[in-house]
Each structure stands twice: as structure tokens, then as C-alpha cells.
Amino acid sequence: MPRGKYVNHKGRNRNFTNPEELEAQRKKDEEEKKWRKTREQDSDDEDEDGEENEDGEDDSDESESDDDKAKGAQSVIQIQNPNRVAKKSHRKVEEVEEDDEPQLTRREKEELEKQRAAAAYQKRHAEGKTAQAKADLARLAIIKQHRAEAAARREAEKKDKEAKMKSAAS
């Protein structure tokens, strides 16, 4: 028996779930779903056949309160908030708006904007219009100048050596 607060699971036998148990659980879940659907259909039928008011109209407020499942004192207190928008649970296909481009989230919009800015910066950098590009070009010009001076120095030293060799040989 392990002592202390934490239990080490290393070295223990592994426990696997039987395929029969998994299949039984799956069937049980399917049966529960079917039962719920039939129960929902029965409750919908009762709402449609339900009682009528004295005026002969259906009481739609009660059916909405059943659907929304009011929390706390909301079922007791009627709230008249003009800013509260009642959620429509079902929409028809005709009511759904189809936009040409999908709605982007804030993060997706920021990512696209970042990519556009990076592409624009790369384009300006390639043209040599950015400060970094100007600094790079200036640095490259200095390096080319130093290399040219070094090459000229090496050529001069080589000619001096050849001239000394000829004078020493003669």
C-alpha cells in the first residue's frame, strides 16, 4: 500500500475496457437519445394541443418560458428589458444570410492585417525604400569599397614583389 498523499501509477497493471462493455455503453446511449427525442416530440405535441386562453388564443408566453428554462427568480418576475433580444431557436433556410466571404473573427482579421503589413514591408524593402534597406545598402557599399581597396593593395604588393624579383634576378 503506498504511503503519502500521491500515488505512483508506475509498475501497476494496465486496465483495458472490454469491447463488450463499450458496445453496451454505446447502445445504452443510443436508447437514451431515442427516448429523449420521443419525450421531446410528446411535449411538443402537448404544447400544440395545449390549453387556450379565455380569448381563444394560445398562451405563447408560457411555452416560451418552458423552452428558455428561466433561472432563479426570472420565472416569478416578468422582466421587460428593451435591450434583451429573444433568441430564435429555429431559423428557416431563407432567413439565413449567405455572405460572399465568411465572417472573420478578430484574431483572424488581425492575422490577415499582419500578413498584409509584412508583405508590404517586404516589397518596400526589396525596392530599397525602408530605413533598414538603406542601412543594408550603405553597409554593402562600404564593404565593397573595402574589398576593392584590399584587392588594389594586393595587386600593388604583387607587382612590387615581381619588380623586386626581377631586380634581384638581374
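User: In what order do the elements of the chain run from the N terminus on?
Analyst: This is a predicted model. The chain has four helices and zero strands. Read from the N terminus on, the order of its elements is therefore written with helix symbols, given that helices and strands are DSSP runs numbered from that end. The order is α-α-α-α.

User: What share of the residues of the chain count as buried?
Analyst: A residue counts as buried when its relative accessible area is under 20%. The chain has 170 residues. The chain exposes about 17900 Å², and carbon and sulfur atoms supply 48% of that area. The share of residues that count as buried is 2%.

User: How many salt bridges does a search of the whole structure find?
Analyst: A pair counts when a side-chain nitrogen of Lys or Arg lies within 4 Å of a carboxyl oxygen of Asp or Glu. Among the pairs that meet in this way are Glu 30 with Arg 26 and Arg 106 with Glu 110. For the whole structure, the search finds six.

User: Which helix holds both Glu 30 and Arg 26?
Analyst: The side chains of Glu 30 and Arg 26 meet in a salt bridge, with 2.5 Å from N to O. The two residues are four residues apart, about one turn of the helix. The helix covers residues 19-49 and is α1.

User: Is Arg 26 buried, partly exposed or exposed?
Analyst: Its salt-bridge partner Glu 30 has a relative accessible area of 37% and is partly exposed. For Arg 26 the relative accessible area is 39%. Buried means under 20% and exposed means over 50%, so a value in between has its own class. Arg 26 is partly exposed.

User: What is the N to O distance in the salt bridge of Arg 106 and Glu 110?
Analyst: Both residues lie in helix α3, which covers residues 106-127. They are four residues apart, about one turn of the helix. Arg 106 counts as exposed at 53% relative accessibility, while Glu 110 counts as partly exposed at 44%. Their side chains meet with an N to O distance of 3.0 Å.

User: How far does α3 reach from its first C-alpha to its last?
Analyst: α3 has 22 residues. At 1.5 Å a residue, the expected reach is 32 Å. The reach in the model is close to that expectation, at 32 Å.

User: Which residue follows α3?
Analyst: Helix α3 covers residues 106-127. The residue that follows has a positive phi, near 85°. That residue is Gly 128.

User: Which residue meets Lys 129 in a salt bridge?
Analyst: Lys 129 is exposed, with a relative accessible area of 56%. Its partner is partly exposed, with a relative accessible area of 44%. The two side chains meet with 3.3 Å from N to O, and the partner is Glu 127.

User: Which residues are joined into one network by salt bridges that share partners?
Analyst: One bridge that belongs here is that of Glu 30 and Arg 26. Salt bridges that share partners join the network of Glu 23, Arg 26 and Glu 30.

User: Which residues gather in a patch of negative charge on the surface?
Analyst: Asp and Glu count as negative. One member of the patch, Glu 40, is found in helix α1. The patch is made of Glu 40, Asp 42, Asp 44 and Asp 45.

User: What accessible area do Val 76, Ile 77 and Ile 79 have together?
Analyst: Val 76 lies in the loop between α2 and α3 and counts as exposed at 67% relative accessibility. With Ile 77 and Ile 79, Val 76 forms a nonpolar patch on the surface. Their accessible area together is about 330 Å².

Methods
Residues are numbered from 1 along each chain as its sequence is written. This is a predicted model: local features need pLDDT of at least 70, side-chain atom pairs count only at pLDDT 80 or more; totals for chains, interfaces and linings use all residues. Side-chain values use heavy atoms; hydrogens and water are left out. Buried means under 20% relative accessible area, exposed over 50%, partly exposed in between (1.4 Å probe, protein chains only). The expected span of a helix is 1.5 Å times one less than its number of residues. Patches are made of residues with over 30% relative accessible area and no salt bridge: like charges are joined within 9 Å, nonpolar side chains (Val, Leu, Ile, Met, Phe, Trp, Tyr) within 5 Å. Accessible areas come from the Shrake-Rupley method with a 1.4 Å probe; for residues, only the protein chains shown count as cover. The place of a charge is taken as NZ of Lys, CZ of Arg, CG of Asp or CD of Glu.
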